[in-house]
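Visitor: Got a minute? I'd like a quick walk through this one.
Guide: Sure, let's pull it up.

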Amino acid sequence: MTLPIARELARHGIRVNTVAPGLFKTPLLASLPEAAQEALAKQVPFPSRLGDPDEYAHMIQHICENQMLNGEVIRLDGAI
């Protein structure tokens with residue numbers, strides 16, 4: 001849906017992008033036992049760890065600053 005919506009809203013100067021996040025260190029994941037967190041992190045091919053919220057924020061900042069980026073679904077998941 002991202003691309004068709006981006007095309008529809010382009011005439012109004014609105015860009016549309018989507019971030020498809022993988023496993024990130026969130027309060028929910030932090031509430032899991034350490035063994036469960038490690039098992040989830042091992043599922044991520046590279047880097048084999050949970051994502052840091054700052055990495056997610058950096059991606060959002062880049063999306064906002066790069067005016068040419070439009071109609072994209074960006075996977076931020078370490079290749080899960």
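**A walk through the model**

Guide: Start with Met68, which counts as exposed because its relative accessibility is 74%. Keep in mind that this is a predicted model.

Visitor: Where does Met68 lie?
Guide: Met68 is in the loop between helix 4 (53-65) and strand 2 (73-76).

Visitor: And what separates the C-alpha atoms of Met68 and Arg15?
Guide: The separation is 8.9 Å. Along the chain, Met68 and Arg15 are 53 residues apart.

Visitor: Zoom out. How many helices and strands are there in the protein chain?
Guide: Four helices and two strands. In sequence order the pattern is α-β-α-α-α-β.

Visitor: Is the chain compact or spread out?
Guide: The protein chain is more spread out than a compact globule, because its radius of gyration is 16 Å and the globule rule gives 12 Å for 80 residues. The C-alpha trace spans about 50 × 20 × 20 Å along its principal axes.

Visitor: What share of the residues is buried?
Guide: Buried residues are 22% of the 80 in the protein chain.

Visitor: What about contacts between residues at least 6 apart in sequence? How many of those join residues at least 24 apart?
Guide: 69% of them do.

Visitor: Surface next. How much does the protein chain expose, and what do carbon and sulfur supply?
Guide: About 5,700 Å² is exposed. Carbon and sulfur atoms supply 62% of that area.

Visitor: How many positive and negative side chains are there?
Guide: The protein chain has 7 positive and 9 negative ones. The centres of the two sets are 7 Å apart.

Visitor: Back to single residues. Thr2: buried or exposed?
Guide: Thr2 is buried, because its relative accessible area is 10% and the cut-off for buried is under 20%. Thr2 sits in helix 1 (residues 2-9).

Visitor: Which side chain does the Thr2 side chain join in a polar contact?
Guide: That of Thr18, at 2.5 Å.

Visitor: What else is Thr2 in contact with, leaving aside neighbours within four places in sequence?
Guide: Besides Thr18, there are Val16 and Asn17, plus Gly71, Glu72 and Val73.

Visitor: Now Leu29. Where is it found?
Guide: In helix 2 (residues 27-30). Leu29 counts as buried, because its relative accessibility is 13%.

Visitor: What does Leu29 touch, not counting residues up to four places away?
Guide: Leu29 touches Phe24, Gln37, Leu40 and Leu50.

Visitor: Follow up on Gln37. Buried or exposed?
Guide: Gln37 counts as buried, at 15% relative accessibility. Gln37 belongs to helix 3.

Visitor: And which residues does Gln37 touch?
Guide: Not counting residues up to four places away in sequence, Gln37 touches Leu29, Ala30, Leu32 and Leu50. Leu50 is also in the list for Leu29.

Visitor: How far apart in space are Leu29 and His58?
Guide: They are 20 Å apart, C-alpha to C-alpha. In sequence, Leu29 and His58 are 29 residues apart.

Visitor: Let's switch to prolines. Where does Pro33 lie?
Guide: Pro33 is in the loop between helix 2 and helix 3. At 55% relative accessibility, Pro33 counts as exposed.

Visitor: How far is Pro33 from Met1?
Guide: 36 Å in space, C-alpha to C-alpha, and 32 residues in sequence.

Visitor: Backbone check. What is the peptide bond from Phe46 to Pro47?
Guide: That bond is cis, with omega near -5°. Pro47 lies in the loop between helix 3 (34-42) and helix 4.

Visitor: What is phi of Ala79?
Guide: Near 75°, a positive value in a residue other than glycine.

Visitor: Why flag those two?
Guide: Most residues other than glycine have a negative phi, and most peptide bonds are trans.

Visitor: Where is the place of Ala79, and is it buried or exposed?
Guide: Ala79 is in the segment after strand 2. Ala79 is exposed, because its relative accessible area of 51% is over the 50% cut-off.

Visitor: Last one. What about Asp54 in helix 4?
Guide: Asp54 is exposed, with a relative accessible area of 59%. Asp54 and Asn66 are 12 residues apart in sequence. In space, C-alpha to C-alpha, Asp54 and Asn66 are 18 Å apart.

Note on methods
Residues numbered from 1 in each chain as written. Predicted model: local features only at pLDDT ≥ 70, side-chain atom pairs only at ≥ 80, totals over all residues. Heavy atoms only, no water. Buried < 20%, exposed > 50% of the residue type's maximum accessible area, 1.4 Å probe, protein only. Rg over C-alpha atoms; globule rule 2.2 N^0.38 Å. Contact = heavy atoms within 4.5 Å. Areas by Shrake-Rupley, 256 points an atom, 1.4 Å probe, with all protein chains shown as cover. Lys, Arg positive; Asp, Glu negative; His and termini not counted. Charge placed at Lys NZ, Arg CZ, Asp CG, Glu CD. Polar contact = N/O pair within 3.5 Å; in protein donor to acceptor, adjacent residues only side chain to side chain.
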